[in-house]
Amino acid sequence: MISFLLSLLALVLGYFFYGKFVERVFGPDDRATPAVTKADGVDFMVLPSWKIFMIQFLNIAGTGPIFGAIMGAQFGPAAYLWIVFGCIFAGATHDYLSGMLSIRHGGANLPEIIGQYLGNVTKQVMLVFSVFLLIMVGVVFVFSPAKILGGIWEPAFFTEHFGQYVFWIAIVFIYYLIATMLPIDKVIGKIYPIFAFSLLFMAAALFGVLMVKQPNIPELWTGVSGDLLTSDKLFPCLFITIACGAISGFHATQTPLMARCVKSERMARPMFYGAMITEGVVALIWATVAMYFFYDSPEPGYATIAGGAGIVNDAPSIVHTICNDWLGIFGGILAMLGVVAAPITSGDTALRSARLIIADFLKIEQRTIRHRLYVCVPLFAASMALLVWQMADPDGFKIIWSWFGWSNQTLSVFTLWAITVYLVRQHKNYFITLIPALFMTVVCTTFLFTEKVFKLDAQWTWIVAALAFLSAVVWFCLWYTKEKRK
């Protein structure tokens, strides 16, 4: 528990000190923001600061800091180090600076920003890459809540004539369409703060129970006694498994939504950097709860909670079981909000971001409903086609989730490199993103080649990592030398 409390303190101090440092490096000022200069009553509008924070938090969080932290805790207390250092020096910096770049570029979406600093070819690749990632998010976060709700109740007529879970899938998609189409203050602006509060309240309640229980969990300086519950390699798998609690490329697709609603640049640090630190806190709490479940001494939690032994690799079931055991009926309700409402709200903003990215690329204005439908109809058709494939293939969900994890972190690599180029050209301290960019480049390259493509042994992991690092450093040095000659 000492490691947990020290990690929690480090995140808080990181916000006040390193967050302030990153803000000074960028240099927000009093220029008019897109929320004012481009106000359209649909996507560009001024929202209250507290509401932006809550929406941004739920946009980037969903179930990411819960499920990812739970599965990452199987690696032991090393998960604490990645959440703390990843969140402060990579994730929160990534979110804040991508949000500020969107504001400075008129509320631009991620592909536009990447194209501005990494070239038009990279822009086209990232356009396809980010839209496909957002569709995957929408699809992944349709089926899992529909499956949970279908297990509780489903109309017999729908099950008999259309198949299991179809009723709830249809309900979720109808909600997606409404939330994606309507102005941001009509649905998202009203219900997101409620769900965000639910996630925060659940985390606070679990923190309180942790303080009372004081479980005997592994510390950073002791490690796990015995074998880990995962056979995956710590490097690079931990850094892909825990994404939303440390750094996530998906966040850079979401920050433009709120960058279009910020009244002043000087208000952005609590909303972007602060929302990510808050997500890190939630991830820390869930990693600690999971550490109790996996490695508590003298007996792990899964051995003492009824049904625990059969769900050690099922994050949603772990959430539901622990919340019911620790928090009772009320905890079960909170768990339902966590594993049902949170993914749905991540899915709808993912598809809203996809609509805006496609509309910006095709130059289709989004003031009128008809023009929004031009983009939404094919977008939702593609999402449903991918969902049908996922449901037909027994391994469909596992395949999509696996590639989503890698794609998510790869997107953060391109975002960090684009920000680094911006900082170099603005004669600012570019090391704050260069170091995370190099690290995540190595992580994603190593994971792709050693885990996904070739399934290489451990000794090859470090060879691939070294080659990836050297290649990235050489590329940056060559570019930097050329840039300074201009």
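Is Glu23 buried or exposed? In this predicted model, Glu23 is buried, and its relative accessible area is 9%. The residue is nevertheless paired. Its side chain meets that of Lys20 in a salt bridge, with N and O 3.3 Å apart. Both residues belong to helix α1, which spans residues 2-26. They sit three residues apart, about one turn of the helix. Lys20 is partly exposed, at 35% relative accessibility. The pair therefore joins a buried residue to a partly exposed one.

The Glu23 pair is one of 13 salt bridges in the structure. Others link separate elements. Lys233 and Glu451 meet through their side chains at 2.5 Å, N to O. Lys233 lies in the loop between α10 (188-213) and α11 (234-241), whereas Glu451 belongs to helix α18 (residues 431-453), so this salt bridge ties together parts that are 218 residues apart in sequence. Lys233 is partly exposed, with a relative accessibility of 21%. Glu451 is buried, at 12%.

A further salt bridge connects Glu483 with Arg425. Here the closest N and O atoms are 3.2 Å apart. Glu483 is part of helix α19 (residues 458-484) and Arg425 of helix α17 (residues 396-425), so the contact ties together parts separated by 58 residues in sequence. Glu483 is buried, with 15% relative accessible area. Arg425 is partly exposed, at 32% relative accessibility. Elsewhere, salt bridges with shared partners connect Asp29, Arg31, Arg104 and Glu265 in one network.

Cysteines were examined next. A disulfide is a covalent bond between the sulfur atoms of two cysteines. A search of the whole structure returns zero disulfides. Cys87 takes part in none, and the nearest cysteine sulfur, in Cys244, is 11 Å away. Cys87 is buried, at 0% relative accessibility. Why is Cys261 without a bond to Cys376? The sulfur of Cys376 is the closest cysteine sulfur to that of Cys261, yet the two are 17 Å apart, too far for a bond. The cut-off for a disulfide is 2.5 Å between the sulfur atoms. Cys261 is also buried, with a relative accessible area of 0%.

Two buried polar residues illustrate side-chain contacts with the backbone. Ser412 lies in helix α17. This is the helix that holds Arg425. Ser412 is buried, and its relative accessible area is 0%. A polar atom of the Ser412 side chain lies 2.5 Å from the backbone oxygen of Gln409. Beyond its neighbours within four places in sequence, Ser412 is in contact with His94, Ile247, Ser248, Gly249 and Met440. Of these partners, Met440 falls within the residue range of α18.

Tyr273 is the second case. It lies in helix α13 (residues 268-295). Tyr273 is buried, with a relative accessible area of 0%. Its side chain reaches the backbone oxygen of Ile88 at 2.9 Å. Ile88 is also among the contacts of Tyr273 outside the four-place sequence window. Gly14, Tyr15, Tyr18, Gly19 and Val22 are on that list as well. Ala92, Thr93, Tyr96 and Ala268 complete it. By contrast, Asp314 is 30 Å from Tyr273, C-alpha to C-alpha. In sequence, Tyr273 and Asp314 are 41 residues apart.

The surface carries a nonpolar patch. Which residues form the nonpolar patch on the surface? The members are Ile2, Leu6, Leu81, Phe85, Phe89, Leu220 and Trp221. Together they present about 710 Å² of accessible area. Helices α1 and α5 (78-104) each supply at least two of these residues. The largest share, three residues, comes from α5. Leu81 is found in that helix. At 41% relative accessibility, Leu81 is partly exposed.

Technical notes
Residues are numbered from 1 along each chain as its sequence is written. This is a predicted model: local features need pLDDT of at least 70, side-chain atom pairs count only at pLDDT 80 or more; totals for chains, interfaces and linings use all residues. Side-chain values use heavy atoms; hydrogens and water are left out. A salt bridge is a side-chain nitrogen of Lys or Arg within 4 Å of a carboxyl oxygen of Asp or Glu. Helices (H or I, at least four residues) and strands (E, at least two) are DSSP runs, numbered from the N terminus. Buried means under 20% relative accessible area, exposed over 50%, partly exposed in between (1.4 Å probe, protein chains only). A polar contact is a pair of N or O atoms within 3.5 Å; within protein, one must be able to donate a hydrogen and the other to accept it, and residues adjacent in sequence count only if both atoms are side-chain atoms. Contact means heavy atoms within 4.5 Å. Patches are made of residues with over 30% relative accessible area and no salt bridge: like charges are joined within 9 Å, nonpolar side chains (Val, Leu, Ile, Met, Phe, Trp, Tyr) within 5 Å. Accessible areas come from the Shrake-Rupley method with a 1.4 Å probe; for residues, only the protein chains shown count as cover.
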